[in-house]
Amino acid sequence: MPDENPARMTAREAVTLLTGPAGFTEHLPPSRDLPADGPLGWAGYDAARERARARTGEEESVVYGTGVVGDRACVLLSFEFGFLGGSLGQRTGDRLEAAYELALTRRLPLLALVATGGSRMQEGMVALTQLQRVAAAATRLRAAGLPQLAVVRDPTTGGGWATVGAGADVVLALPGAQVGFAGSRVRPADADPYAYSAEGQFAAGQVDAVVPADELAATVTHWLRALGPHEAPPAPGPPAAPVPRALPVPSAAVRLPETGREAVARARDARRPRAEAYLADYFAVRLPLHGDRCGGTDPGLLCGFGLRADGSPVAYVAQCGTATRPAGYRTAARTIRLADRLGVPVLTLVDTPGAANDAEAERAGAGAAIAETFAAIAAARVPVTTLVIGEGGSGGALALAAPGNTHVTADSYFSVIAPELAAAILKRPPSETGATADQLRLRPQDLVDLDFARSIVG
């Protein structure tokens, strides 16, 4: 592997990095005859292909087959950038489609190691339409409940990024890789290069993690364990997820609050455990999903998949005590839908004073994003379990709560509105905020009595 830039490794070096020297069995699609100089009769195209073949030892810009990463079998496809810039032509499309079909037939996850400059000009529209073939093959795999994981190398641009790369369920990137739809020769001259980097795409919520080459095999192994395939999700029915166990509960919260005011004060106490502590206790391994794929991120919402100590996967969506932003809700919905498609149960941790209500949040589509999250939980066929660990502020919190399967801690509350705001709306003086909190019946024991919560955990 080149020492100076691991992101520029060859197709087979990328495969070997993950499978080891003996872990890959290459497959080949049926041979396709092409007219001289390709479908357009592009003068010199055959000669260019021959030079690429001699330089790389490859017959096309993609190799594919089966292999084992860690302890997980999968179908791997890997782009060879040295072969005409890893571009997609008709024969490349044959190989890509065959890789997806191999994963479908064998019910294996698909792992794509992408390094491409886009569609092949020498084949014109014939090359461009290969993107439609890839999209259709990926859709068939998605419908079968099989996961798609992409590792984007240097460079990953054009239609290859917009299909095989960005279209994957989980996108990992090697540090320093050029990643973006527009390649370096076609983007505006004054464009910020950071926006077209792995790190820039991560900041924009388009990449889930930037992973150093020496950590890639372990990270991919964890993801393959988490994503499955698992059993198909059950038919819709009553929630049956177990109450999360071994969750940290502060000793000060053993006694239930006597008043609504006390319940609110406990939930807002900076000393109580937050989502990070609960997740660290619950999972042996956590694999974050980052961003809403619309250019937004919310650091106050943690999403991803985790592996319990027994190896079982659970998806998580956890609020961190801040007002949740539209990007956070969209990331939550993305996580829940992916878990549902793959048959992985979901844990949500509720802790927010409410949805962000500033002008920026409204412009970013707060209402639609919250609606999307409500819909994702309502449509989920897998068990969704909710634990309210702090503030349950109105609809911004309820969007992440599982109907009929919500539990609460002793230092939490849930309310239709914050008691201060309720008092203001009712034109009551601040001195009556405590009485208003009592009227709202927002204490943990009230939530159980009202059949909103199934139990008080801890």
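A residue counts as buried under 20% relative accessible area, as exposed over 50%, and as partly exposed in between. The structure shown here is a predicted model. With those cut-offs, R107 is partly exposed because its relative accessible area is 40%. R107 lies in the loop between helix α3 (90-106) and strand β4 (110-116). Its backbone has a phi near 50°, a positive value in a residue other than glycine.

A second arginine can be described in a similar way. R441 is found in the loop between α16 and α17, and its phi is also a positive value near 50° in a residue that is not glycine. The relative accessible area of R441 is 35%, so this residue is partly exposed.

A third arginine, R140, is in a helix, α5 (residues 130-143). At 35% relative accessibility, R140 also counts as partly exposed. Leaving out residues up to four places away in sequence, R140 touches E97, E101 and L104. L302 is 162 residues from R140 in sequence, and the C-alpha atoms of the two are 29 Å apart in space.

From these partly exposed residues we turn to the interior. The largest nonpolar core has 86 residues, and L77, L111, V220 and F305 touch the most other members. Helix α8 (residues 213-227) gives the most to this core, with seven residues. What surrounds L111? Apart from its neighbours within four places in sequence, L111 is in contact with L18, V69, C74, V75, L76, L77, L149, V151 and V220. There is also a second, separate core of 13 residues, and A275, L279, L347 and L349 are among them.

Two helices show how burial can be arranged. In α6 (residues 158-165), seven of the eight residues are buried, so this helix is largely enclosed by the rest of the structure. The buried residues are G158, G159, G160, W161, T163, V164 and G165.

Helix α9 (residues 260-267) has G260, A263, V264, R266 and A267 as its buried residues. These cover an arc of only 160° around the axis, which means that they are on the same side of α9. In an α-helix there are 3.6 residues a turn, so residues three or four places apart point the same way. Among the elements covering the buried residues of α9 are the strands β13 (384-393) and β15 (413-415) and the helices α15 (419-425), α16 (433-440) and α17 (444-449).

The aromatic rings come next. The structure holds four aromatic pairs. One of them is formed by Y282 and F283: the ring centres are 4.9 Å apart and the planes are at 80°, an edge-to-face arrangement. Are these two residues buried or exposed? Y282 counts as buried because its relative accessibility is 9%, and F283 is buried too, with a relative accessible area of 7%. Ring pairs link Y282 and F283 with Y316 into a cluster.

Y282 has a further partner, in that the charged end of R308 sits over its ring, 3.8 Å from the centre. Elsewhere, R187 lies over the face of Y196, at 3.8 Å from the ring centre.

A loop residue, H290, brings together parts of the chain that are apart in sequence. H290 is placed in the loop between β9 (285-288) and β10 (301-307). Not counting residues up to four places away in sequence, H290 touches F202, G205, V207, D208, T297 and R334. With F202 there is a polar contact: a polar atom of the H290 side chain lies 2.7 Å from the backbone oxygen of F202. T331 is 41 residues from H290 along the chain, and their C-alpha atoms are separated by 7.4 Å.

Last come two peptide bonds that precede prolines. The bond from D154 to P155 is cis, with omega near -10°, and P155 is found in strand β5 (residues 148-157). G228 and P229 are also joined by a cis peptide bond, with omega about 25°. P229, in contrast to a strand position, has its place in the loop between α8 and α9.

How values were computed. Residues numbered from 1 in each chain as written. Predicted model: local features only at pLDDT ≥ 70, side-chain atom pairs only at ≥ 80, totals over all residues. Heavy atoms only, no water. Core = buried A, V, L, I, M, F, W, Y, C linked by side-chain atoms within 4.5 Å. Buried < 20%, exposed > 50% of the residue type's maximum accessible area, 1.4 Å probe, protein only. Helix = DSSP H or I, 4+ residues; strand = E, 2+ residues; numbered from the N terminus. Contact = heavy atoms within 4.5 Å. Phe/Tyr/Trp six-rings, centres within 6.5 Å; stacked < 30°, edge-to-face > 60°. Lys NZ or Arg CZ within 6 Å of the ring centre and 35° of its normal. Polar contact = N/O pair within 3.5 Å; in protein donor to acceptor, adjacent residues only side chain to side chain. Arc of directions from axis to C-beta.
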